[in-house]
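Trainee: I have a structure open and would like to learn how to read it. Could we go through it together, feature by feature?

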Amino acid sequence: MQDVAGEPPYFGVEFACTWDTEHGYGLMFHGTDVVEWGGGDVPNSTWIALRHAEGRS
């Protein structure tokens, strides 16, 4: 997903709403730990992974 160095990797999952394309729910993981949750843009937000990798989450 992102070009953020880390072991384990960062990855995101989005749950889309079929009835409303503007909304959804997203999760970003670092391995099996949830780093962030929120709207559908969370899984693709590189800044979240960078912030976490720098220890600022």
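Trainee: Let me start with valine 35: is this residue buried or exposed?

Mentor: The general idea is a scale: buried means under 20% relative accessible area, exposed means over 50%, and partly exposed is in between (1.4 Å probe, protein chains only). Valine 35 has a relative accessible area of 13%, so it is buried. A word on what you are viewing: this is a predicted model, where local features need pLDDT of at least 70 and side-chain atom pairs count only at pLDDT 80 or more, while totals for chains, interfaces and linings use all residues. Residues are numbered from 1 along each chain as its sequence is written, and side-chain values use heavy atoms, with hydrogens and water left out.

Trainee: Where does valine 35 lie, and which residues does valine 35 touch?

Mentor: Helices (H or I, at least four residues) and strands (E, at least two) are DSSP runs, numbered from the N terminus. Valine 35 belongs to strand S3. Contact means heavy atoms within 4.5 Å. Not counting residues up to four places away in sequence, valine 35 touches Tyr10, Met28, Phe29, His30, Ile48 and His52.

Trainee: Ile48 is one of those. How far apart are valine 35 and isoleucine 48 in sequence and in space?

Mentor: They are 13 residues apart in sequence and 8.0 Å apart in space, C-alpha to C-alpha. Isoleucine 48 sits in helix H1, and its relative accessibility of 2% makes it buried. Leaving aside neighbours within four places in sequence, isoleucine 48 is in contact with Met28, Val35, Glu36 and Val42.

Trainee: Now the overall plan. In what order do the elements run?

Mentor: The protein chain has one helix and three strands, and from the N terminus on they run β-β-β-α.

Trainee: How do I read the sheet?

Mentor: Strands of a sheet pair through backbone hydrogen bonds, either parallel or antiparallel. Two strands count as paired if DSSP finds at least two bridges between them. Here the three strands make an open sheet in the order S1-S2-S3, with antiparallel pairing. Strand S1 (10-16) and strand S3 (33-38) are at the edges with a single partner strand each, so one side of each has no neighbour in the sheet. From one strand to the next, the twist averages 20°.

Trainee: How many bridges join S1 and S2, and how many join S2 and S3?

Mentor: S1 and S2 pair over seven bridges, while S2 and S3 pair over five. You can check some positions yourself: glycine 26 stands opposite glycine 38 in S3, and glutamate 14 stands opposite glycine 26 in S2. Methionine 28 has glutamate 36 in S3 as its bridge partner. In the hairpin of S2 and S3, with two residues between the strands, glycine 31 takes a positive phi near 70°.

Trainee: Why is S2 described as largely enclosed?

Mentor: Five of its seven residues are buried, so the rest of the structure largely encloses S2. One residue to look at in S2 (residues 24-30) is tyrosine 25, which is partly exposed at a relative accessible area of 39%.

Trainee: Which residues share a surface patch with Tyr25?

Mentor: Patches are made of residues with over 30% relative accessible area and no salt bridge; like charges are joined within 9 Å, and nonpolar side chains (Val, Leu, Ile, Met, Phe, Trp, Tyr) within 5 Å. Accessible areas come from the Shrake-Rupley method with a 1.4 Å probe, and for residues only the protein chains shown count as cover. Tyr25 joins Phe15, Val34 and Trp37 in a nonpolar surface patch, with about 440 Å² of accessible area together.

Trainee: How many salt bridges does a search of the whole structure find?

Mentor: Side chains of opposite charge can pair when their charged atoms come close. A salt bridge is a side-chain nitrogen of Lys or Arg within 4 Å of a carboxyl oxygen of Asp or Glu. The search finds one: glutamate 36 and arginine 51 meet at 2.7 Å, N to O. Glutamate 36 is in strand S3 and arginine 51 in helix H1, so the pair ties together parts 15 residues apart in sequence.

Note on methods:
Axes are lines fitted to C-alpha atoms, for helices over the stretch in contact, and angles run from 0 to 180 degrees between N-to-C directions.
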